[in-house]
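Please open the model in your viewer and keep the sequence panel beside it, since this tour moves from one selection to the next. At each stop, make the selection first and then read what is there.

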Amino acid sequence: MARHSTTPAVVSARWQTNQRARDMLLLIHGSDGIDTRTLARRTRMPLNFAVRLLDWLRDERFVDTIAGAHIPGPLMALATRSDPDHSLLKETLAALRDELGAAVYLSTYTDGEITVQESASSTTAPPVEEMAPFSDAGHASANGKSLLAQLDFASRMDHLTRYPSVQLTGRTITSPRALIEELDGPGPHSAQFDLLEYSDTVLCVAFSLGLPGRASSVALSLPAHQRLRLIDTATEPFPTWLPGQAVGLTTQ
């Protein structure tokens, strides 16, 4: 309980590539054109790796290159456009819902509060029935645990002081020490699970989107009777979906 930083995550090679692509896109988006050597230096990656990553980003239409300067491509422009109705976000979540066959939720930790920004559900992918306000149940929900795992010690303790861990089901973790050990054990970028901790009828898993300076997560939920699908659903689509679609989800 006295630790003042989270346990470093063991980050897979795929996650490292995702994070480097994200860092590169953020730099390109924030510039009026930036060359390859500057990108490599500012992202601290080898020049040959930066070249290969830029080639992939161009192929995916995230980046355009004009006279050696890299600028936002059409897909990045679409993802970062002004979209007050969040139509791009809603379309992306709906597509992900249909691909996974599960309800999907995008959450952020903003001004000290857990907020579900958007969600997508359907009759075949039903949403979680709100047994308690999601903002109050960070200790029991997968998205809440994912967000708390990304916070520093002081912010996490402040949140748990304002929102004590209350018993929602027979599996809810109410001990602050046990909760922190569960949050820190796998690392801040690892999946966080709700295994009948928020509700007796739903299972959830959430992933950090890994944005610098902003705790954010994407989660999926399945009815408890579909529990055998949870691991397969969580491990297959997300690694291939996160690198590109996270841009569209988190710039709204």
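Of the 252 residues of the protein, 48% count as buried, and this holds for a predicted model. If you switch to a cartoon view, the secondary structure to look for comes to 10 helices and seven strands. Among the contacts with a separation of 6 or more, 61% join residues that are 24 or more positions apart.

**Colour by confidence**

Next, colour the chain by pLDDT, which averages 81 over the protein, with 78% of the residues scoring at least 70. Select residues 6-12, where the pLDDT is below 50, and note that this stretch has 15 contacts in the model beyond near neighbours in sequence. Then select residues 237-252, where pLDDT also stays under 50, and for which the model has 41 contacts beyond four places in sequence. Where pLDDT is low, the predicted coordinates should not be read in detail.

**Helix α2 and the residue after it**

Now select residues 36-43, which form helix α2, and pick out T36, T38, L39, A40 and T43, which are buried there. At the start of this helix, show the side chain of D35, one of whose oxygens reaches to within 3.1 Å of the backbone nitrogen of R37.

Stay in helix α2 and select T36. Is T36 buried or exposed? T36 has a relative accessible area of 19%, and because the limit for buried is under 20%, T36 counts as buried. If you leave out residues up to four places away in sequence, T36 touches L47, V51, L54, G68 and H70.

Move on to R44, just after α2, in the loop that leads from α2 to α3 (47-59). Its phi is near 55°, a positive value in a residue other than glycine. Most residues other than glycine have a negative phi. R44 counts as exposed because its relative accessibility is 77%.

For a second case, select D111, which is found in the loop between β3 (103-110) and β4. The phi of D111 is near 50°, again a positive value in a residue other than glycine. D111 is exposed, with a relative accessible area of 76%.

**Helix α6 and the loop before it**

Select residues 142-150, which make up helix α6, a mostly covered helix in which eight of the nine residues are buried. To see which they are, highlight A142, N143, G144, K145, S146, L147, L148 and A149.

Then step back along the chain to H139, in the loop between β4 (113-120) and α6. Why does H139 count as buried? The reason is that its relative accessibility is 2%. Show its side chain, and you will find a polar atom of that side chain 2.9 Å from the backbone oxygen of V166. Setting aside its neighbours within four places in sequence, H139 is in contact with K145, L148, P164, S165, V166, T172, I173, L179 and E197.

**From H139 to L179**

One of those contacts of H139 is L179, so select L179 next, in helix α8 (residues 176-184). L179 counts as buried because its relative accessibility is 0%. Apart from residues up to four places away in sequence, L179 touches H139, K145, L160, S165 and I173. If you measure from C-alpha to C-alpha, L179 and S165 lie 9.0 Å apart in space, while 14 residues separate them in sequence.

**The largest cavity**

For the last stop, turn to the empty space inside the model. Rolling a probe the size of a water molecule over the atoms shows where empty space is left. A search of the whole structure finds two cavities of 30 Å³ or more, and the largest has a volume of about 110 Å³.

Which residues line the largest cavity? Select Y105, V116, V128, F134, S141, A142, N143, D194, Y198, C204, A219 and L220 together, and you have its lining. Helix α6 appears here again, as α6 and β7 (216-223) each supply at least two of the lining residues. If you colour the lining by residue type, it divides into nine nonpolar residues, two polar ones and one charged one.

Technical notes: Residues numbered from 1 in each chain as written. Predicted model: local features only at pLDDT ≥ 70, side-chain atom pairs only at ≥ 80, totals over all residues. Heavy atoms only, no water. Buried < 20%, exposed > 50% of the residue type's maximum accessible area, 1.4 Å probe, protein only. Helix = DSSP H or I, 4+ residues; strand = E, 2+ residues; numbered from the N terminus. Polar contact = N/O pair within 3.5 Å; in protein donor to acceptor, adjacent residues only side chain to side chain. Contact = heavy atoms within 4.5 Å. 1 Å grid on protein atoms, 1.4 Å probe; cavity = no way out; pocket = protein on both sides within 12 Å on 5 of 7 lines; lining within 4 Å. Points joined across faces, edges and corners; volume = space filled by probe spheres on them. Nonpolar A, V, L, I, M, F, W, Y, C, P; charged D, E, K, R; others polar. pLDDT = per-residue confidence, 0-100.
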